[in-house]
Every structure is written in structure tokens, then in C-alpha cells.
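Visitor: I'd like a close look at one part of this protein. Could you pick a helix and walk me through it and what surrounds it?

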Amino acid sequence: MAKTRWSEALGLAERTNRARAWLLATAILGVAACVSLSSPRGGGGVGTVPVVRGTFKGGAQQQVRIALETAAEMGPVTAEADSFQIWNGKRYRGTITFTRTDSGFLVVNNLPMDSYLRGVVPLEIGSRTPAEFAAVQAQAVAARTYAYKHLTSSRAFDMYATVQDQVYGGVDAEKPQSDSAIATTADVVVLYNGQPITTPYHSTCGGSTAGVSEVWYDQPDQPYLRPVSDRIPGTNNFYCDTSPRFSWTQSYDAAGLRAVMEKYLASYTKAPKSGVGKITDIREQGRTPSGRIAALTVQTETGSYTLRGNDIRFVLRDPKGAILNSTFFSFTKETSGGEVSSFTVNGRGYGHGIGMCQWGAIGRARAGQNYRTILETYYPGTTIGRIAG
């Protein structure tokens with residue numbers, strides 16, 4: 001995912017810290033060998049794939065530590081007859097530990113990787129039809145790869161249970177379909193140079209995915225995270241165009257535009273926290289390689305301020321505080337009395353746009369692509385491998 005989150009799942013989750021996931025990525029050691037890996041659905045046949053050995057254990061043995069809360073008041077945890085743990089009304093596999101901190105209790109669920117994924121995949125991809133099963137498998141592999149990449153010894157947990165990493169709901173989130181996807185891709189991961197990668201994903205790319213620096217302008221580009229067209233060959237349609245947020249419009253009047261700028265602009269620019277006054281102009285400052293807006297310059301009574309990349313989304317929020325769907329947009333504006341009186345955004349896609357497009361994966365699965373093809377398309381230059389059990 002994560003991030004902004006790395007994973008942005010069909011409108012269910014949005015990252016709030018764009019750099020954290022990247023900075024927490026750890027170096028993974030391994031030795032490549034070859035084994036046979038068949039594609040359970042949609043063709044692709046049997047081939048040889050690298051096996052990562054050394055640092056990791058297979059999903060049934062590899063333990064992960066998921067922070068359920070980082071500043072909790074102490075609450076009851078009880079074991080049911082089937083040995084599930086209960087925290088805040090939710091059931092969890094494995095064990096739950098409490099560590100006192102300056103701000104309360106750190107609550108961590110310790111459990112095997114496979115069990116963790118059972119509580120992640122259905123929340124990240126939703127319930128799909130049988131024809132879309134390859135997309136669920138692709139999601140399982142992307143989530144697994146992300147989790148292995150984010151195992152760390154630098155703190156008391158590996159990942160958050162929220163949009164800050166991957167949304168994790170414990171036992172109550174588990175579904176038979178996603179359980180099957182996890183089982184039929186057991187220990188399969190996405191590799192680059194023989195090692196697991198960070199695998200961001202998002203709901204809807206809107207026609208093209210994005211490179212890292214297009215969105216998170218202070219993060220380095222990666223060869224396997226670059227713009228990928230989602231156009232269906234020989235047509236003017238896109239694999240993700242069945243998404244409910246493939247295209248959208250968001251409008252502001254003068255008061256609404258000034259309100260969001262007053263509330264959020266200072267957090268992402270050097271605008272004064274005491275207020276910016278009237279919004280006198282908004283100008284586009286170039287396009288990224290995938291066609292997204294690179295930057296917006298906001299002219300106000302107090303000065304001119306530039307928003308870059310994904311920061312645009314966190315300022316141009318709707319009245320309820322939800323961030324803008326994407327930076328893949330154009331806009332129209334009207335001015336009156338020296339103030340922007342109307343600002344209308346016409347956009348495509350939902351999420352940061354980096355890595356796997358989930359609605360695109362669904363469309364590709366419907367078209368008969370297997371999960372390996374889907375993953376190798378959205379993470380170009382990668383190979384599909386397996387963690388040694």
C-alpha cells in the first residue's frame with residue numbers, strides 16, 4: 001500500500017502518511033533458487049520462479065506484529081472457546097500484548113502471516129464474482145509482499161492495522177473467497193532483483209498509473225513503479241472504467257474554496273496559519289508523465305503558495321473533510337470582484353495512482369488475465385516468486 005497510504009482499497013482506505021511506508025521498508029536478504037509455480041486460474045502455465053531464502057519463514061510460520069492501537073486505555077481481552085482473542089469487540093487470531101507507553105497502551109496482535117492476510121485481503125479488495133477471482137489472488141500477493149517488506153526490528157510492531165499500512169479487521173473480516181485466494185497463492189510474492197518489493201496499490205487509476213515522484217514528490221522513483229496504461233488494447237476503453245469513481249466532479253463556490261484553504265493550506269505550504277484571505281487565482285503548474293497535475297499555485301491576498309503532487313488532494317477536500325479523489329484532473333474557474341467565485345474539478349480515478357489499480361485488476365481478471373499477468377503488468381520489470389517455507 002501504504003499513504004498517503006501505499007494501499008488505497010476500492011474507496012475503503014486512504015493513507016495519511018505518504019512517507020512512512022517507504023521509510024520503514026527494510027533491506028531483505030535472500031538467495032534465489034528455482035521451483036515450479038503454477039497459475040491456479042486464467043492460464044499462464046507452469047514456470048520456474050525464484051525462491052527467497054534466508055530471512056523469512058513461510059506464511060504459516062512467519063510471525064507478524066500488528067498495532068491495533070498505539071495509545072489505548074487498558075481494556076478487557078478474553079479468550080473464547082475457540083481460542084480467539086477479543087479486543088474492542090473484535091476477534092483476533094494469535095495473541096494480543098499490551099505495552100505501557102507515555103500516551104497509554106500499545107496493543108499488538110501477534111499472529112502468523114497467513115492469518116494476518118485473512119483479515120486484510122477482503123477489506124482491501126471486497127467480495128468479487130468468480131470471474132474476478134484472479135484480482136483477489138493478485139490482491140493477496142500484493143498484500144503479502146507488502147507485509148514481508150515491512151517486517152522490522154526497529155520498533156515494537158511491524159505494521160498498523162489501519163490505512164497507514166493495510167486495513168486489518170481480524171477474524172470478523174475473513175471471507176471464504178479471500179481465504180481461497182490466499183491459499184492458492186501460498187507464499188507467493190512480487191520480486192525485483194530477487195527480493196520482495198514495496199507494493200503500493202490503489203482503487204482506480206483513471207486510465208494510467210503513476211510514478212512515485214509524480215505523487216510523492218520527495219520520494220525516489222522505482223523502476224517497477226512507473227506509469228502503466230490501463231487502456232484495453234484496440235479500444236478507447238479502460239480496464240478500470242467500471243469503477244464508480246472512474247470519473248467525477250467536485251465543485252467549490254467562493255466560500256467553500258476559501259474555507260478549505262483557510263483550514264488546510266498552511267499544513268502543506270508556508271501560508272500563514274492565521275488565514276489567507278480571498279483566493280484570487282489558482283493556476284496549474286505542469287503535468288506529470290502520466291497526465292496528472294504536477295502542482296497548483298494558489299494566489300491569495302497574503303501571497304502565492306504552491307501545492308505539489310499528492311498534497312493537492314489533502315487541501316482540496318470536500319465539506320466533510322474527505323480528500324480529493326486524485327490528482328488526475330482538469331479544472332475550470334470563474335472570478336468575480338477579484339476573487340475565485342467558482343472552482344470546478346473534473347477528474348478521473350481514486351487514490352494515489354501508484355502500483356496496482358484494483359479496479360483495473362478486476363477488469364483484467366474479467367478479461368481472462370491470471371494474477372501473475374496482472375501483477376507483472378502493474379509492477380513492470382518484476383517477477384513472481386515464492387518465500388521458502
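Guide: Let's take helix H7 and then follow the strands and cores around it. Keep in mind that this is a predicted model.

H7 covers residues 254–268. A quick check on its length is a good start: at 1.5 Å a residue, these 15 residues should span 21 Å, and the end C-alpha atoms are indeed 21 Å apart, so the two agree. The helix isn't quite straight, though, as there is a bend of about 40° at glutamate 262. At the N-terminal end you'll find a cap: aspartate 253 puts a side-chain oxygen 3.3 Å from the backbone nitrogen of alanine 255.

Now, which residues of H7 are buried? They are Leu257, Val260, Met261, Tyr264, Leu265 and Ala266. When you look at those numbers, it helps to know that an α-helix has 3.6 residues a turn, so residues three or four places apart point the same way.

Something has to cover those buried residues. The cover includes strands E13 (247–253), E14 (279–284), E15 (295–300), E16 (303–308) and E18 (339–348), along with helix H8 (311–315).

Let's stop at E15, one of the strands in that cover. Five of its six residues are buried, so E15 is largely enclosed by the rest of the structure. On one hand E15 pairs with E14, running antiparallel through five bridges; here isoleucine 282 stands opposite valine 298. On the other hand E15 is joined to E16 by six bridges, again antiparallel, and in this pair glutamine 299 faces serine 304. To get from E15 to E16, the chain makes a hairpin through two residues. If you're wondering what holds such pairs together, strands of a sheet pair through backbone hydrogen bonds, either parallel or antiparallel.

Next, zoom out to the cores. The largest nonpolar core has 65 residues, and those touching the most other members are Ile66, Leu68, Tyr116, Tyr168, Met356, Leu375 and Tyr379. Helix H4 (residues 133–149) gives the most to this core, twelve residues. Apart from the largest core lies another one, of 26 residues, and this is where our helix comes back in: Leu257, Met261 and Ala266 are among its members, and so is Val298. You've met all of these names already: Leu257, Met261 and Ala266 are buried residues of H7, while valine 298 is the E15 residue opposite isoleucine 282.

Back in the largest core, methionine 356 is a nice residue to click on. Leaving aside neighbours within four places in sequence, its contacts include Ala138, Ala142, Pro200, Tyr201, Leu375 and Tyr379.

For a last stop, try threonine 204, in the loop between strand E12 (201–202) and helix H6 (212–215). Is this threonine buried or exposed? Threonine 204 has a relative accessible area of 1%, which is under the 20% cut-off, so it counts as buried. Its side chain makes a polar contact of 2.9 Å with the side chain of serine 203. Not counting residues up to four places away in sequence, threonine 204 also touches several others, including Cys240, Arg245, Phe246, Tyr350 and Trp359.

For contrast, look at asparagine 193, in the loop between strands E10 (188–192) and E11 (195–196). Asparagine 193 counts as exposed, at 71% relative accessibility. Its phi is near 55°, a positive value in a residue other than glycine.

Definitions and conventions: Residues are numbered from 1 along each chain as its sequence is written. This is a predicted model: local features need pLDDT of at least 70, side-chain atom pairs count only at pLDDT 80 or more; totals for chains, interfaces and linings use all residues. Side-chain values use heavy atoms; hydrogens and water are left out. Helices (H or I, at least four residues) and strands (E, at least two) are DSSP runs, numbered from the N terminus. The expected span of a helix is 1.5 Å times one less than its number of residues. The bend at a residue is the angle between axes fitted to the seven residues ending there and the seven starting there. Buried means under 20% relative accessible area, exposed over 50%, partly exposed in between (1.4 Å probe, protein chains only). Contact means heavy atoms within 4.5 Å. A polar contact is a pair of N or O atoms within 3.5 Å; within protein, one must be able to donate a hydrogen and the other to accept it, and residues adjacent in sequence count only if both atoms are side-chain atoms. A nonpolar core is a set of buried Ala, Val, Leu, Ile, Met, Phe, Trp, Tyr and Cys residues joined through side-chain atoms within 4.5 Å. Two strands pair if DSSP finds at least two bridges between them.
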